[in-house]
Amino acid sequence: MKLFEHEGKSLFADFGIPIPRGRTVDRLEEVLSAARDVAPEVVVKAQVHAGGRGKAGGVRLARNGEEAVALAGEIMGMDIQGCSVERLLLEEALDIEKEFYLSVILNAGKDNFMLMFSSFGGMDVEDLAHDPGKGIMCFEIEDLSSLHEYEIRNFLRESGLSGKTLSGVSSVAFRLCRCFRARDLTLAEINPLVITREGDILAADAKVEVDDNSLFRQKDLQALPPEVSDPFEKRAAEIGISYVQMDGDVGIIASGAGLAMNTMDILESKGARAANFLETGGGITRELIANSVELLFSNPAVKGVVVNLYGGVNPMLAAANGVVDGLRSHTRSIPIVVKLLGNQQEEAWRILDEARILTVKSVHTEKAVTMLLEKMEGGEDEL
Ligand code: GDP
Ligand code: MN
């Protein structure tokens, strides 16, 4: 589970890592008083689960409260890598002398942890990794619980840090490791870790991911509202289906995860790409299927839909009626092919035939996919 920057920072602060003064706002009307409360000059920061906010214009410096209001107006509602900005963090502007990169990750491949540091923070970690001159130094840690601060200091000394900076950064790194272990994190990244002109060290950014399997013992984190800012994923959560937005143009509705993935594989093997993953689970109702069809049709990127249903516990007659309902409520005429088998299949097929919906009445998903792709090449379908 990803945390917002301000949530990550508050975890850091619990472990004594200095963070800038700041406040979050969800409404533009609150910006002026919040900004004045924080500092004369503030940085207005979009709170989304996406990196690269700075480059996207989601991190802006305001010289006074009025400017903060204006910038907040620009940033609120912005789309950053598919995440819509619904919350802002207003933070005291830092007088930055130097930016470092510091992170701890779970290194599952090697069954250990890794502390990473670079004295060229602020930029994309990918860029850092590809530039040997600015390379990230890595320190592998077998056991976070027996880690000593001096071990970190010895590691960081090799990067050329010394004196107060060395001890300051070491202290932050040590606290980051403690936070990582105590809160069951899989990623804790501070980029940039800032040294101000006054010599203070602060975490100016926070990227934190919590191990989902540990949420049962991180109750406060479990209780945080998840960010679902993709409008389709938001709607899918309301409908009650498992849904992941993807970047292809073939919409998929499947009654099981395996069936959905198999459908995606077959699409892929034919050079097509899924627009989504959608699994209904075992609770199919007429309404649920109608809503799912409507959801896919409301996505302009979707140019065709394949419905792949198997009725073991799921009622296929309700499913067929749901498909018809869903299509009826839409004006877009893109091709749709339904593959449907299982209980009440004859009744279901009759409903689909009457509605003149292309239906595959055998186990061959490949057939349904091929039919759909041919239709899609042929252009618009008639409803
Ligand atoms: P990201 O782009 O999503 O990683 O967002 P960051 O929080 O890392 O902000 C991007 C960049 O904005 C940082 O690398 C800093 O250079 C700059 N920045 C962030 N906070 C401040 C600040 O308080 N003062 C100044 N001058 N720059 C800041
Ligand atoms: Mn950053």
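Which way do Asn276, Phe277, Leu278 and Glu279 point from strand 16, and are they buried or exposed? In this predicted model, Asn276 and Leu278 point one way from strand 16 (residues 276-279), Phe277 and Glu279 point the other way, and all are buried. In a regular strand the side chains alternate between the two faces of the sheet. Strand 16 is joined by four bridges to strand 14 (residues 242-245), and the two run antiparallel. Within this pairing, Tyr243 has Leu278 of strand 16 as its bridge partner.

Helix 10 spans residues 286-297 and contains Asn291. Asn291 has a relative accessible area of 17%. Because buried means under 20%, Asn291 counts as buried. Leaving out residues up to four places away in sequence, Asn291 touches Arg235 and Ile239.

Towards the start of the chain there is an open sheet. Four strands form this sheet in the order 2-7-3-4, with antiparallel pairing. Its edges are strand 2 (22-25) and strand 4 (59-62), each of which pairs on one side only. On average, neighbouring strands of the sheet are turned by 20° against each other, direction ignored. Helix 1 (residues 5-14) packs on the sheet and touches strand 2, strand 3 and strand 7 (88-92). The direction of helix 1 makes about 50° with that of strand 7. Strands of a sheet pair through backbone hydrogen bonds, either parallel or antiparallel. Between strand 3 (residues 42-46) and strand 4, which run antiparallel, there are four bridges. One residue pair here is Val42 with its bridge partner in strand 4, Ala62.

Helix 3 (residues 65-75) also meets these strands: helix 3 lies across strand 3, strand 4 and strand 7, and runs at about 165° to strand 4. A further contact involves Leu32, which is found in helix 2 (residues 31-38). Not counting residues up to four places away in sequence, Leu32 touches Gly65, Glu66 and Val69. Leu32 and Val69 are 37 residues apart in sequence, but their C-alpha atoms are 6.0 Å apart in space. Leu32 is partly exposed, with a relative accessible area of 28%.

The next topic is the nonpolar interior. In soluble globular proteins, nonpolar side chains tend to be buried together. The largest nonpolar core here has 40 residues, of which Phe12, Leu102, Leu115, Ile152, Leu156 and Ile190 touch the most other members. Helix 6 (residues 163-182) supplies the largest share of this core, nine residues. A second core, separate from this one, has 34 residues, including Ile289, Val302, Leu327 and Trp349. To follow one residue of the largest core, take Ile152. Apart from neighbours within four places in sequence, Ile152 is in contact with Leu115, Phe139, Leu147, Ser170, Ala173, Phe174 and Cys177.

Last comes the metal site. Which residues coordinate the manganese ion (ligand 2)? The manganese ion is coordinated by Asn191 (O) and Asp205 (OD), at 2.1 to 2.2 Å. This pair links distant parts of the chain, 14 residues apart. Asn191 is in strand 11 (residues 185-196), whereas Asp205 is in the loop between strand 12 (201-203) and strand 13 (207-210). Asn191 and Asp205 are buried.

How values were computed
Residues are numbered from 1 along each chain as its sequence is written. Chains are lettered from A and ligands numbered from 1 in the order in which they are written. This is a predicted model: local features need pLDDT of at least 70, side-chain atom pairs count only at pLDDT 80 or more; totals for chains, interfaces and linings use all residues. Side-chain values use heavy atoms; hydrogens and water are left out. Donors are N, O and S atoms within 2.8 Å of the metal (3.2 Å for Na, K and Ca); water is not among the atoms, so sites may look incomplete. Buried means under 20% relative accessible area, exposed over 50%, partly exposed in between (1.4 Å probe, protein chains only). Contact means heavy atoms within 4.5 Å. Two strands pair if DSSP finds at least two bridges between them. Axes are lines fitted to C-alpha atoms, for helices over the stretch in contact, and angles run from 0 to 180 degrees between N-to-C directions. A nonpolar core is a set of buried Ala, Val, Leu, Ile, Met, Phe, Trp, Tyr and Cys residues joined through side-chain atoms within 4.5 Å.
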